[in-house]
Structures are given as structure tokens and as C-alpha cells.
Amino acid sequence: MEYVSSRDKGLRVSAAQAIAAGIAPGGGLFCPTEFPALSADEMQALLGMDYKGRAAHILGKFLTDFSTEELTGFAAKAYADEKFGGPDTAPVKSLADGVHMLELWHGPTCAFKDMALQMLPHLLTASLRKTGETRTCCILVATSGDTGKAALEGFADVPGTKIMVYYPVDGVSPMQKLQMVTQQGQNVEVVAIEGNFDDAQSAVKRIFTDADVIRRMNDAGCIFSSANSINWGRLAPQIAYYVSAYCDLVTTGKIAMGDPVNVCVPTGNFGNILAAYIAKQMGLPVGKLVCASNQNNVLTDFFRQGGVYDRNRPFYTTDSPSMDILISSNLERLLFYISGQNDVMVRELMEELARDGRYTLPADLRDKLAADFDAGCCDDAQTAETIRRIFETQGYLLDTHTAVAVKVYADYRARTGDSAPVIIASTASPFKFCGPVAAALGKTVDTTSVSQLDALASLTGQPIPAPLAALAGKTPRFDRVVRKDDILSTLDLLL
């Protein structure tokens, strides 16, 4: 399996090279040249495996320069029972009317990013060895909340690496911030940016392509890589949990093998739903992919209004902060694939986006989007109403991001009449967003203290996840705040 840049498919590299680099020269994203087929026999075999086995098998189809033994060992370490509260790494909880919640938040940071970021350190350090790299790998991460803590947790004190996380100073929940600024580890740094997630993400991308910065880091014996989903090593592990969820639904008798299911994902940077798209291209029986957005609805407009991507709009700070994004980086990979790997077109569209803040897909590609995707959005009031309704009627507590997906999918069903069963990606524990979740249930809690966890637990009767309860009494280590234009000055922290 080879990988090419979405903006220059003449650049061909191995999986290890793609993972080690993180991002392609010129700002492109590494993409596999083909999607390996998932046969009926393989699906039957996967039914008898646990999550660790399924993940290793799916990764093996993409990471062909890694041995089965390597990937099996990595999966055993990444998804160890003690990290995920038991052997059921990504459980599926079924609600009424064929709605199945894929819970991706049982890992050490209580968010879906753990599913990939517990695996990435193993893939990255192995990739560095395979490519003969001996320099220190400096990992830069822009986060809208959950990626930052998950990356810090995954890479803390990993030999040969340093990690710097940038987050928007007013754009994450109090619990997300507390998780990041109390992170332990000798090789970690956390910096707040005056701006939003898009500002942080754009600044990090500029660093990756700045020749002077790269030269300076090289002179210091360092190279850059990324733990954002622009890195193929971050995205590939996410494919596995959609395959695993389908297998779980078959083994529990909720569906028969071969029955189509829809997938709905609360979406910001487009990586999570892109993983579901790739699983579908491999042969997983997925019907419609429903992209759920909050009030920052640039993706909803893109899918529902003729392939026009336009980030020239107000930016909203919402109760679902991990989705407060107007530049969805992984959409670039989708454009690459639906265009028949037309790197010239992708490069031109990305140049338009950088220059004008918008682009329009050619007419022949809009039908391809409509064949696989639908989309919708909802605001904070609708999100809160959904949290309240689902808890009161089904006793299931949603976080503010998953609630967006539940609301959007209910709207999709009402609009289309599609009654197929659906897998909804449940992306975070509700205890990471105590304030708005409690408010949705009619209670105000003090979000300045970890006592908010006790308050929500008392209100709902739900247990506090152990990783969040452990935050009590921790002292913040990081308080640096910089302007987005001064981000380069923070690189001194890595040297």
C-alpha cells in the first residue's frame, strides 16, 4: 500500500513515511492510493474477535509495511483493559427505533480521540524506526478540546518525542481545559491561543510548511509531526471502530450480516466521518453518512447546498466546542477521492479556500457527494432539548456533541422517511460538559470546580468516569497565552 499527497500524487511514500511526516510537503494530506476490500469471509472472522483483534486486522490492510505481530502488539497495548475500563473497548448501546450509540469515550481522557491517540504513539515511534529517523520528533497539535488532552496522554514521556498542544483560550470547556493544563510528563507543553480553533490549526499548518522553521528545528536535531487527524496514523485507527460496531450489532442479533446501516457523526474537522466513509468504500454495508454540525454549519451548507464551501461567516462559540470549526481539514481527502484522485483540482480548490475563504465543487462531483452524504445542524437550544428528552424518555445521558448528532439524525429521518438502523458516534462523556448538560436538565452547576462532577452525578444517577474524578486536587502546570501571530515564539519551548 502506497500513499500520495492530495495535492501532488507524484509524491509516493510508504505508510511509515506518511505517519512519520504527518503532513505532505506543500500542505497536502497523505492518502492511500486504494481502499482495500473487506471480504465476506473476513467479516465473518471478525465477528469472533475482540476489539483489539479487529483493530489490528483493519490496520493491517492499510499499513502493509507493519507486521501482523507489530500491529497485534500495538493494539494490545493501546486498548488495554485497564485503559478502557474492561475488554469492551467501544461498546454499542441500543436505544429505541433502531438507534445504536457507539460509545467511543471509555478511554483515559473520556473522548473518542483516545481510540486513535492511544494507538498513534506506537505507530509513530515504529514509523520513525522504520524510516531510520534518529532526530527528536516534535508533535504539534491544534485542538478544539478533546484532541489536545488525548494527544498529551498518549505521548506523555514517550521516548524520542516532545509534544506541544495549542488550544483556543476561550474555546474549550472548563473540564477540557483542566485536563490539558494539569497534564503530567516531562516532554509536554500546552499553550492557549488568543483566537479560535481555526486560528490555531492554520498557525500549526504554517509551521509545518515554513522552510526557515524546519531548517531551525533540523539544526536542533528535531523534526515535526502531527497528532491531528491530518496525520494518516491518527485517522486509520478510527476506521476500525465502525467495522467493530457493525460486528457487534450482528453478534447481538440487532441486524443480520449484510444488512445496511446508516452512520451519523457529530462533525468538526471531518476526520471521524471520513473514517466511516472509508469503511464503506472497503465494503462495510453502510447506506447514508449523515454529517451533524452545530451552529457552525459550514459542512451542512456544503452538503445540502450544491457543493459550495464558504467559511466566510460568523464563528460561534457553542456548548459543543469540539465542533466549533469552520475549516474542516479532512474534507480535502474526500475531495481527492470523489474526484478520482485529481490532485490538481484539489490543490486549486485549497488555494481558493486559502485566498478567498470559499470554493465551489465542479457540478459532476456534487452527485457523488449526494450519493453518500446527508447533513444537518442544530443550535444550543435544540441540543439542550435533545439531552433532556433522551434522558427523560430513555434514561440515556448524552453529551453536547452526541446530542447534536441525535437531533440531526431525527430530523433526517423525519425529512427522508429512511428507517434503516443507524450507528451514532457518541464522542464524549457527558461529564466533560457538566455545565450545559446539567442546564439541559434544569440544574445550574459551578463549572469552576471539579465539584461539578459530583453535582451532575447526583442529578442523573450516572457514575463519574474515573479519569475525570482523578482531576480533583490537581494543580495546573501551564498558563501561557499568546497571540496567534506569535505562535512561532513558542517553539523555543521544544528546544
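1. In this predicted model, Y3 has V13 of strand β2 as its bridge partner. The two strands concerned are β1, covering residues 3–5, and β2, covering residues 8–13, and they pair in the antiparallel sense over 3 bridges. Between β1 and β2 lie 2 residues, and together the two strands form a hairpin.

2. Helix α2, which runs over residues 40–47, has E42, M43 and L46 as its buried residues. Seen down the axis of α2, these residues fall within an arc of 100 degrees, so they line one face of the helix. A helix of this kind invites a general remark: an α-helix has 3.6 residues a turn, so residues three or four places apart point the same way. The face of α2 turned away from the buried side carries A40 and D41, both of which are exposed. As for what covers the buried residues of α2, the cover includes α3 (51–62) and α12.

3. A reader may compare this with helix α21, residues 451–460, where the buried residues are Q452, L453, L456, A457 and T460. These cover an arc of only 135 degrees around the axis, which puts them on the same side of α21. On the other side of α21, D454 and S458 are exposed. The buried residues of α21 pack against four helices, namely α9 (174–181), α18 (380–394), α20 (434–440) and α22 (466–469). After α21 comes G461, a residue whose phi is positive, near 75 degrees.

4. Is S173 buried or exposed? With a relative accessible area of 8%, S173 is buried, because the limit for that class is under 20%. S173 has its place in the loop between β7 (161–168) and α9. Once its neighbours within four places in sequence are left aside, S173 is in contact with P321, K432 and F433.

5. T72, by contrast, is a residue of helix α4, which spans residues 68–78. At 42% relative accessibility, T72 counts as partly exposed. T72 and R54 are 18 residues apart along the chain, and their C-alpha atoms are separated by 9.5 Å.

6. Turning to enclosed space, a search of the whole structure finds 2 cavities of 30 Å³ or more. The largest cavity has a volume of about 260 Å³, and of the 26 residues that line it, F112, K113, G268, N269 and S322 are the closest to its centre. The elements that give two or more residues to this lining are α8 (146–155), α12 (232–251), β10 (261–266) and α13 (271–282). Among these, α13 gives the most to the lining of the largest cavity, with 3 residues. By class, the lining of the largest cavity divides into 9 nonpolar, 14 polar and 3 charged residues. It may help to recall from the point on α2 that α12 is also included in what covers the buried residues of that helix.

7. The second largest cavity has a volume of about 40 Å³, and the residues that line it are A142, Q201, V204, K205, N228 and I230. Which helix supplies the largest share of this lining? That share, 3 residues, comes from helix α10, which covers residues 197–209. The lining of the second largest cavity divides into 3 nonpolar residues, 2 polar residues and 1 charged residue.

8. The open pockets deserve a separate point. The largest pocket has a volume of about 510 Å³ and is lined by 20 residues, of which R7, S202, K205, M350 and A354 lie nearest its centre. Two or more residues of this lining are given by each of α10, α15 (331–338) and α16 (343–356). Of the elements that contribute, α10 gives the most to the lining of the largest pocket, with 5 residues. By class, the lining of the largest pocket has 8 nonpolar, 7 polar and 5 charged residues.

9. One residue links the last two points and may be a useful place to start when looking at the model. K205 is among the residues that line the second largest cavity, and K205 is also one of the residues that lie nearest the centre of the largest pocket. Helix α10, for its part, supplies the largest share of the lining of the second largest cavity and gives the most to the lining of the largest pocket.

Notes
Residues numbered from 1 in each chain as written. Predicted model: local features only at pLDDT ≥ 70, side-chain atom pairs only at ≥ 80, totals over all residues. Heavy atoms only, no water. 1 Å grid on protein atoms, 1.4 Å probe; cavity = no way out; pocket = protein on both sides within 12 Å on 5 of 7 lines; lining within 4 Å. Points joined across faces, edges and corners; volume = space filled by probe spheres on them. Nonpolar A, V, L, I, M, F, W, Y, C, P; charged D, E, K, R; others polar. Pairing = 2+ DSSP bridges. Buried < 20%, exposed > 50% of the residue type's maximum accessible area, 1.4 Å probe, protein only. Arc of directions from axis to C-beta. Contact = heavy atoms within 4.5 Å.
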